[in-house]
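Biologist: Please take one part of this model and go through it closely for me, beginning with the surroundings of the bound ligand and then working inward to the sheet and the core behind it. I would like a connected account rather than a list.

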Amino acid sequence: MTERGTFITFEGGEGCGKSTQARRLAEALERNGIEVLSTREPGGTVLSEKIRGLLKDETEDPPCDRGELLLFLAARAQLVANVIAPALEAGKWVVSDRFRDSTLAYQGYGRGLPLDFLDQANDFACNSLKSDLTILLDVPPEIAAERMRAREAATGTSADRIELAGGDFHARLRRGFMELAAADSGRVTVIDASGNEDEVWERVWKSVKRFL
Ligand SMILES: Nc1ncnc2c1ncn2[C@@H]1O[C@H](COP(=O)(O)OP(=O)(O)OP(=O)(O)O)[C@@H](O)[C@H]1O
Ligand SMILES: [Mg+2]
């Protein structure tokens with residue numbers, strides 16, 4: 001029987017470096033002879049990428065908080081059923097840029113929906129799948145904002161609907177992620193993501209090595 005693959009997720013607020021480090025991790029695992037499936041949330045299947053568009057685009061009819069939650073969960077259910085679970089079964093490692101902790105942070109701590117319900121809803125959407133390791137990249141908001149500005153300038157893109165959430169939303173998110181990590185320290189590793197890319201990568205790789 002094929003041994004089940006390892007499931008690693010990256011979490012954290014916008015601009016902390018999730019996509020950068022997820023890509024580096026997938027490349028490093030492949031160099032070590034591991035077959036890797038990389039994915040991102042919301043997205044990762046044809047249907048889920050369409051839902052991503054619905055969630056991110058500026059619109060005259062933005063989803064209400066509960067509708068937003070259900071769209072995220074629909075995208076996640078499709079991704080788990082059709083992509084992540086089959087890959088893990090086949091022995092591949094899966095690296096996902098965001099997963100279910102983002103729902104607890106954004107919809108729970110950010111928007112104020114009840115955490116216990118979100119946990120159950122996540123279990124339902126994921127058929128109870130959880131990551132083996134979640135890497136929470138933590139940076140002070142000023143550094144994240146600076147990275148986002150640099151990226152926008154370099155790529156000509158602008159912030160999306162969720163990134164534009166104002167007030168103390170981003171401070172609540174950061175606190176939320178840290179509380180989630182503290183409550184589940186066996187699964188979640190917090191990494192200081194404020195150094196340069198190589199420095200952060202060294203910390204990431206150190207936390208993954210024990211799974212090799
Ligand atoms: N350690 C780092 N130091 C400086 N810049 C970085 C670092 N890591 C990533 N960057 C740059 O900062 C920007 C944001 O990084 P990245 O896109 O990986 O973050 P993200 O967490 O995926 O953001 P988002 O939540 O918006 O998808 C990118 O332009 C990236 O090249
Ligand atoms: Mg990203």
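Modeller: Helix H1 (18–31), helix H6 (141–155) and helix H8 (197–209) each give at least two residues to the shell around ligand 1, in what is, it should be said at once, a predicted model. That shell holds 15 residues, and those that come nearest to the ligand are Gly17, Ser19, Thr20, Arg147 and Arg151. Sorted by character, the residues of the shell around ligand 1 comprise 7 polar, 5 charged and 3 nonpolar ones.

From the ligand we can turn to the sheet, in which 5 strands are arranged in the order S2-S3-S1-S4-S5, with parallel pairing, as an open sheet. Because S2 and strand S5 (188–192) stand at the edges and have a single partner strand each, one side of each is left without a neighbour in the sheet. From one strand to the next, the twist averages 20°. At the S2 edge, the parallel strands S2 and S3 are joined by 5 bridges, and Ser38 stands opposite Val95 in S3. Helix H3 (residues 65–89) lies across strand S1 (7–11), S2 and S3, and runs at about 155° to S2.

Val95, which is placed in strand S3, deserves a closer look. Since a residue counts as buried when 20 or more other C-beta atoms lie within 10 Å of its own, Val95, with 25 such atoms within 10 Å, is buried. Leaving aside residues up to four places away in sequence, Val95 touches Ile8, Ala22, Leu25, Ala26, Val36 and Ser38. By contrast with these contacts, Gly195 is 100 residues from Val95 in sequence and 22 Å from it in space, C-alpha to C-alpha.

Val95 is also among the residues with the most contacts inside the largest nonpolar core, which has 43 residues; the others named there are Leu25, Ala105, Ile135, Leu136, Leu137 and Ile191. The largest share of this core, 8 residues, is supplied by H3. In soluble globular proteins, nonpolar side chains tend to be buried together. Another of the residues with the most contacts in the core, Ile135, touches Ile8, Phe10, Thr189, Ile191, Val204 and Ser207, again not counting residues up to four places away in sequence. Ile8 therefore appears in the contact lists of both Val95 and Ile135, where contact is taken as C-beta atoms within 7 Å.

The loops carry some backbone details that are worth checking in the structure in front of you. In the loop between strand S2 (36–40) and helix H2 (46–56) lies Pro42, and the peptide bond that leads to Pro42 from Glu41 is cis, with omega near -15°. Arg98 lies in the loop between strand S3 (93–97) and helix H4 (100–110), and its phi is near 80°, a positive value in a residue other than glycine. Arg98 has 24 C-beta neighbours inside 10 Å, and therefore counts as buried. Asn127, found in the loop between helix H5 (115–126) and strand S4 (133–138), likewise has a positive phi, of about 50°, although it is not a glycine. Asn127, however, is exposed, because just 11 other C-beta atoms lie within 10 Å, and the limit for an exposed residue is 12 or fewer.

Technical notes. Residues numbered from 1 in each chain as written. Chains lettered and ligands numbered in written order. Predicted model: local features only at pLDDT ≥ 70, side-chain atom pairs only at ≥ 80, totals over all residues. Helix = DSSP H or I, 4+ residues; strand = E, 2+ residues; numbered from the N terminus. Near = placed C-beta within 6 Å. Nonpolar A, V, L, I, M, F, W, Y, C, P; charged D, E, K, R; others polar. Pairing = 2+ DSSP bridges. Axes fitted to C-alpha atoms, helices over the stretch in contact; angles between N-to-C directions. Contact = placed C-beta atoms within 7 Å. Core = buried A, V, L, I, M, F, W, Y, C linked by C-beta atoms within 7 Å.
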